[in-house]
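Open the model in your viewer and keep the sequence panel beside it. This tour says what to select next and what is there.

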Amino acid sequence: MLLLHCESLLDRYHKNGNKILLKTREESLVAHGGYDLEVYQKGGWYPVPSSPSSEARINIAHLIICVKATQTVSALQPLKHRLSANSTILFLQNGPNYIVGVVSHGVTLHRPFDITHSSFATMSLGLIPSVSGASPSCEPSPQYLLDNLPRSPRLNAASYPYTEVLQIQLERLAVDALCNPFCALNDAKDGFLFTIPDARREILAEIWSVVLSLPELRSVPGVRERFAVDRVEDAVNAILTKTAKGTCSMVGDLRTEVRFINGY
């Protein structure tokens, strides 16, 4: 089935002989037709009477989104009741610009809109490179956020090249990958990690080897030194010294959510 998000596409489809034409790299022409059609009109999707099957279908098992990113929400909104937890959605589109960020501040959420900024640190920002390598000139520039977020003293934000932010993310991931599982399996506070130095170094050595195998970082200078076991262990120790009496989120998950889901 083809879901046409505007009526003008239906007219073009009819003018094209009710077929999709594909010209291959080998200069051959492939035509596909016989699709059921629905068109988006006045806030809803309606079957096209000339379709092989003009009856509206309710459930959608597999959906491929090919509209522009800015049209995605409006196209999906009238379809949401036809999607279920078992539906699969594939997004094939030139997406918007994405900025990734790593927040190191200590923040406690007491309840919605009631927050405590418990420890001052940093916010690291980086623009994910687009496939084309450049943003369309008619679109708002992502540089707006990269320029303006660092203007807030409370955020202490700074922008970096994407490969630098990726390494900051991996450093944060390395700490979490080490601390959370060990503490969760032992139902312990963070300080427990000081009692297992050998196991801790084995995990850090594995993290080092995984990071070095990432293709995104193979050409980045200084990666081997940055993720060396001794350096990462020093970073972990500095964090654990501050959080030794604290309990990581994964411990809480095992105590509450996992046991509740499993039924005991």
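The stops below run from a pocket to a helix, then to strands and loops. Keep in mind that this is a predicted model.

**Stop 1: the largest pocket**

Start with S104, R172, V175, I239 and T243. Of the residues that line the largest pocket, these lie nearest its centre. The lining has 35 residues in total. The pocket's volume is about 1000 Å³.

Now colour three elements: β8 (99–103), α4 (162–185) and α7 (229–243). These are the elements that give two or more residues to the lining. Which of them gives the largest share? Select α4: nine lining residues come from this helix, the largest share.

Next, colour the lining by residue class. You should find 16 nonpolar residues, 11 polar ones and eight charged ones.

Then colour by domain. Domain 1 covers 2–159 and domain 2 covers 162–260. Each of the two gives at least three residues to the lining of the largest pocket.

**Stop 2: helix α4**

Stay with α4 and hide the rest. The helix has 24 residues. From its first C-alpha to its last, α4 reaches 34 Å. That is close to the 34 Å expected at 1.5 Å a residue. As you look along the axis, recall that an α-helix has 3.6 residues a turn, so residues three or four places apart point the same way.

Now step past the end of the helix to D187. This residue follows α4, and its phi is positive, near 50°.

**Stop 3: V102 in strand β8**

Go back to β8 and pick V102, which is found in this strand. Is V102 buried or exposed? Its relative accessibility is 6%, so V102 counts as buried.

Add Q169 to the selection. V102 and Q169 are 67 residues apart in sequence. In space, their C-alpha atoms are 6.3 Å apart.

Now look across to the bridge partner of V102 in β11, which is S124.

**Stop 4: strand β11 and its neighbours**

Select β11, residues 123–127. The strand is mostly covered, with four of its five residues buried.

Show β8 beside β11. The two run antiparallel, joined by five bridges. Then show β12 (157–159). Here three bridges do the joining, and β11 and β12 run parallel. For one facing pair, pick L125, which stands opposite S159 in β12.

**Stop 5: P161**

Move on to the loop between β12 and α4, where P161 lies. P161 has a relative accessible area of 54%, so it is exposed.

Draw a distance from P161 back to L125. Their C-alpha atoms are separated by 8.4 Å. Along the chain, P161 and L125 are 36 residues apart.

**Stop 6: two asparagines with positive phi**

Select N18. Where is N18 found? Look in the loop between α1 (7–15) and β2 (19–23). Phi of N18 is near 55°, a positive value in a residue other than glycine. N18 counts as partly exposed because its relative accessibility is 36%.

Jump to N156. This residue sits in the loop between α3 (143–148) and β12. Its phi is positive too, near 50°. With a relative accessible area of 31%, N156 is partly exposed.

**Stop 7: P47 in strand β5**

Finish at β5, residues 44–47, where P47 is found. P47 is partly exposed, at a relative accessible area of 27%.

Add L2 as the last pick. P47 and L2 are 45 residues apart along the chain. The distance between their C-alpha atoms is 10.0 Å.

Technical notes. Residues are numbered from 1 along each chain as its sequence is written. This is a predicted model: local features need pLDDT of at least 70, side-chain atom pairs count only at pLDDT 80 or more; totals for chains, interfaces and linings use all residues. Side-chain values use heavy atoms; hydrogens and water are left out. On a 1 Å grid over the protein atoms alone, a cavity is a set of points where a 1.4 Å probe fits but cannot get out, and a pocket is an open set with protein on both sides within 12 Å along at least five of seven lines; lining residues have an atom within 4 Å of a point. Grid points are joined across faces, edges and corners, and a volume is the space filled by probe spheres set on the points. Ala, Val, Leu, Ile, Met, Phe, Trp, Tyr, Cys and Pro count as nonpolar, Asp, Glu, Lys and Arg as charged, and the others, Gly among them, as polar. Domain bounds come from an automatic or database domain assignment. The expected span of a helix is 1.5 Å times one less than its number of residues. Buried means under 20% relative accessible area, exposed over 50%, partly exposed in between (1.4 Å probe, protein chains only). Two strands pair if DSSP finds at least two bridges between them.
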